[in-house]
Amino acid sequence: MSENGRIFLSYSLSESDVAYRLAADLLNAGVNLWMDNLNIAPSDDWAEGIKQALKGTAAMICLASPDYLAAKYCLNELTYGAKKGFTIYPVVVRDVPDSEWPAELEAEVRFDFRE
C-alpha cells in the first residue's frame, strides 16, 4: 500500500450528493479518505491536486454511473489507478449497461448503492 493506505474517492459531479454522504461515513469510521472537494482548497490548482493525490493513493473507490463513464477526468483517474495496480472498489450508484462497463472494473466486485 501507498502513503498511509489512503483511499481516493473518484466520482462525477452529478454524484456529489452520494460522494459526500459516503465520504462522511468513511471518515467517521476512521478511513484515510481523499476527496477533491474536501482536500483541495478553492485557490489551489485542481488538476495538480488530483495528480498529487493519486501519487499517494493505495486504493480507489469509484462511484459508477453513466455520467462517471462519460467524464474524461473520471476515466483518467480510473485508468491511472488500474495501471498503478490500485485496489479499486466500484460502487454502482446508477445503472450502467454491461456493454459500457469499463474493462478496468471487470474483475472487481461491484457494490450496489443504487437504492
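Val109 counts as exposed in this predicted model, because its relative accessibility comes to 58%, past the 50% mark that sets exposed residues apart. The residue sits in the loop that links strand 4 (87–92) to strand 5 (111–112). Val109 also has company out on the surface: together with Tyr89, Phe111 and Phe113 it makes up a nonpolar patch. Taken together, these four side chains' residues offer about 370 Å² of accessible area.

Gly56 tells the opposite story. With a relative accessible area of just 4%, Gly56 is buried, since anything under 20% falls in that class. Like Val109, which is in a loop, Gly56 belongs to a loop, here the one between helix 3 and strand 3 (59–64). Computed along the chain, Gly56 and Leu13 are 43 residues apart, and their C-alpha atoms lie 23 Å from each other in space.

Leu13 turns up again at the largest pocket, where Leu13, Tyr11, Trp46, Tyr73 and Cys74 are the lining residues nearest the centre. The pocket has a volume of about 190 Å³, and 14 residues line it. Where does the lining come from? Strand 1 (7–10), helix 3 (46–55) and helix 5 (72–83) each put in at least two residues. Helix 5 gives the most, with four. As for chemistry, the lining of the largest pocket splits into nine nonpolar, two polar and three charged residues.

Terms used
Residues are numbered from 1 along each chain as its sequence is written. This is a predicted model: local features need pLDDT of at least 70, side-chain atom pairs count only at pLDDT 80 or more; totals for chains, interfaces and linings use all residues. Side-chain values use heavy atoms; hydrogens and water are left out. Patches are made of residues with over 30% relative accessible area and no salt bridge: like charges are joined within 9 Å, nonpolar side chains (Val, Leu, Ile, Met, Phe, Trp, Tyr) within 5 Å. Accessible areas come from the Shrake-Rupley method with a 1.4 Å probe; for residues, only the protein chains shown count as cover. Buried means under 20% relative accessible area, exposed over 50%, partly exposed in between (1.4 Å probe, protein chains only). On a 1 Å grid over the protein atoms alone, a cavity is a set of points where a 1.4 Å probe fits but cannot get out, and a pocket is an open set with protein on both sides within 12 Å along at least five of seven lines; lining residues have an atom within 4 Å of a point. Grid points are joined across faces, edges and corners, and a volume is the space filled by probe spheres set on the points. Ala, Val, Leu, Ile, Met, Phe, Trp, Tyr, Cys and Pro count as nonpolar, Asp, Glu, Lys and Arg as charged, and the others, Gly among them, as polar.
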